[in-house]
Amino acid sequence: MSGFDRVITRDRRSRKYGQLKAMFGTEDVLPMWIADMEFTTPEPILNTLREVVSQPVQGYNMEHPQWRQSVCGWYKKRYDISIDEAWLHFVPGVIKTIVLSIMALTEKGDNILTCTPIYDPYPNLVKTSGRNLVQTRLVEKNGIYELDWHDFREKLKTCKMFLFSSPHNPGGIVWDRATLEEINRCCHEADVIVVSDEVHCDLTLPPEQHIPFFTLNASLNSKSIVFTSISKAFNTPAIQGGIALIKNDALRNKFYHFLDNCYLAETNSIQQAAIYSAYTDCDNWIEKLLTYLSANVAYVKQEIEKNCPLISMIYGGASYLVFLNAQKMGLNDEQLMSFFVHNAKLGLSPGIQYGPGGEGHMRLNIACPRSQLAESMKRLKVAYESCGFLLHK
Ligand SMILES: Cc1ncc(COP(=O)(O)O)c(C=O)c1O
């Protein structure tokens, strides 16, 4: 039995459980929505956090002396990439810092491009900051997404920034080198800044390989900001924080200067200690996690193919989020949500939340013990069968 098989009881302080009624109108669902894992955070990180909070004075602290070094060490051992410590900046959280990058590097009224379907905060961040949202529809092909290149290139010409999710949420897509190089080339040509949100990168399941955006064609010296964090892979979203990585000198100076002058990315000793611990003490843990998640993905795929022929799975090899395409069931979004909540008693994220292209889809979080996953697949099978008359009419 793997440590990941252990069922953990979480209380209502966790949003996954505390917000059930608000999200689904009932608490009688198995919660498989928000992106955190039903696994304990690795013990080395918990020990580090215990040590930090045991200090009798929780005053202003110095920067953790080795957090930058630990990030460099991680990129070297996981991706065989050398990075310069000077490219890094600690940030208060990835979503918070994406909106800061919009504010610092574009003007009110500028166009900002995202793909769709996409992680739902992006469109809101663009609109809230008074910029115009431009979206390019991803094309679903054989269980993964591809860009519509003609549409992408045309829309890019009018934009100042491209908000990119790599690996992609909600499709778990690991973008291949050819796609990334072409995005890089097009954005460079159109003088568009790329914000590459890579928070799911360390959850890339072998044999897939994540390619960090800042490693692309160095001769272009692209204007790109990469965001990463330990929050997804090491299950620490409660302590909020992230890492920005900018290679281009001019862009780095401008953006980090803005962050520093807004006092928005000051040292957070709890988060920095956790970063250090994640990147130096948890190699073994993450290997085991990836093996467990791979088996969970394979299990869900097999069960869905066997039991729910009108549902197909979109999953591109990274993250613990799979996107279920249930369009062939012929239900509208309200009916689909009701089917999952009331018939299957499952709490998934509705695909429509991720924008155009998400209609008729549901996002399933598979980062849970196999017993919970098996229960969810059983519930889905029973509900699907009991609605058979409706589905095939
Ligand atoms: C693509 C993506 N970016 C950012 C976040 C959230 O990052 P943070 O909590 O650091 O704002 C998530 C959380 O699910 C995510 O999926």
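Trainee: What makes the approach of a ligand nitrogen atom to the side chain of Asp197 a polar contact?

Mentor: A nitrogen atom of the ligand is 2.5 Å from an N or O atom in the Asp197 side chain, and a polar contact is a pair of N or O atoms within 3.5 Å, where pairs within protein also need one atom able to donate a hydrogen and the other able to accept it, and residues adjacent in sequence count only if both atoms are side-chain atoms; the pair at Asp197 therefore meets the distance limit. This is a predicted model, in which local features need pLDDT of at least 70 and side-chain atom pairs count only at pLDDT 80 or more, while totals for chains, interfaces and linings use all residues. Residues are numbered from 1 along each chain as its sequence is written, and side-chain values use heavy atoms, with hydrogens and water left out.

Trainee: Which atoms of Ile95 and Lys232 does the ligand approach?

Mentor: At Ile95 a polar backbone atom is 2.9 Å from an oxygen atom of the ligand, whereas at Lys232 an N or O atom of the side chain is 2.8 Å from a ligand oxygen atom.

Trainee: Why is Gln240 counted among the residues around the ligand, and what is its phi?

Mentor: A residue is near a molecule or strand if one of its heavy atoms lies within 4 Å of it, so Gln240 is listed on that basis, and other residues in the list include Tyr119, Ser165 and His200. Gln240 has a positive phi of about 35° although it is not a glycine, and Gln240 sits in the loop between strand 9 and strand 10 (242-245), where strands are DSSP runs of E with at least two residues, helices are runs of H or I with at least four, and both are numbered from the N terminus.

Trainee: How do you know that the peptide bond between Thr116 and Pro117 is cis?

Mentor: Omega is about 0° for the bond that joins Thr116 and Pro117, and Pro117 is placed in the loop between strand 3 (111-116) and helix 6 (121-128). The bond from Pro206 to Pro207 is also cis, with omega near 10°.

Trainee: Why is the pairing of Arg78 and Glu287 called a salt bridge?

Mentor: The definition asks for a side-chain nitrogen of Lys or Arg within 4 Å of a carboxyl oxygen of Asp or Glu, and the N to O distance here is 2.7 Å, so the pair qualifies. Across the interface of domain 1 and domain 2 the rule finds 1 salt bridge.
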